[in-house]
Amino acid sequence: MDAANLFDSKTTYRLIRLEYLAALGLSLYLLVDNIGAINWWVFAGLFLYIDLIGYIPGAIAFHRSRTKQISKVFYVLYNSMHSLVTQAAVALLWTLEFGAEWALLALPIHLCGDRALFGNFLKPFSVTFEPVTHPAFAQLEERVQTPTTPTAPAPSAVALPS
């Protein structure tokens, strides 16, 4: 993926997930290292509220929908709640109001776990709320991953209209 090609190959997707796995590992290490200082009620609340607001309403709407087309509001909720920026702001506000505490590790553990273990990233409006391979993407992926040979050179860069 780069700024002109907003998709990942299977290899780059795995590498991105590996980076989140490293962050998840660090967060879990800090959790275990400070296990006696964690307010588990706060941890559970912070861990769960992300999906209670950001995922569950959209999942219910998606599974109830006959067409599998749901309001973009559910995508915005999901993306807002699963944003590292949003959760950093929550952690900052929590720290300013209640003080720093190890239970805040619930936030990176949730987000890094979603990305590393389940491969869930932010949701674009152009795909279904629950993961289903888009036919156009499947075709593109097949074309991009087909190795080039001397008789079939790599495609040259094509300027797209702006």
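Colleague: How do the residues lining the largest pocket divide by type?

Modeller: In this predicted model, the lining holds 17 nonpolar, 7 polar and 8 charged residues.

Colleague: Why is this space called a pocket and not a cavity?

Modeller: A probe in a cavity cannot get out, whereas a pocket is an open set of points. The space in question has a volume of about 1100 Å³ and counts as a pocket, so it is open.

Colleague: What makes a residue part of the lining?

Modeller: The residue needs an atom within 4 Å of a point of the pocket. The lining has 32 such residues, and Y13, G119, L122, P124 and P131 lie nearest the centre. Helix α1 (10–33) supplies at least two of the lining residues, as does α7 (135–145); α1 gives the most, with 4.

Colleague: How do you know that L31 in the largest nonpolar core is buried?

Modeller: L31 is one of the 18 residues in that core. A nonpolar core takes in buried residues, and buried means under 20% relative accessible area, so L31 is below that cut-off. F43, L46 and Y49 are also among the members that touch the most others. α1, α2 (40–54) and α6 (106–117) each supply at least two residues of this core. Apart from it lies another core of 7 residues, including I70 and F129.

Colleague: Why is K68 called partly exposed?

Modeller: The relative accessible area of K68 is 28%, which falls between the 20% limit for buried and the 50% limit for exposed, so K68 is partly exposed. K68 is in the loop between α3 (56–64) and α4 (72–81).

Conventions. Residues numbered from 1 in each chain as written. Predicted model: local features only at pLDDT ≥ 70, side-chain atom pairs only at ≥ 80, totals over all residues. Heavy atoms only, no water. 1 Å grid on protein atoms, 1.4 Å probe; cavity = no way out; pocket = protein on both sides within 12 Å on 5 of 7 lines; lining within 4 Å. Points joined across faces, edges and corners; volume = space filled by probe spheres on them. Nonpolar A, V, L, I, M, F, W, Y, C, P; charged D, E, K, R; others polar. Core = buried A, V, L, I, M, F, W, Y, C linked by side-chain atoms within 4.5 Å. Buried < 20%, exposed > 50% of the residue type's maximum accessible area, 1.4 Å probe, protein only.
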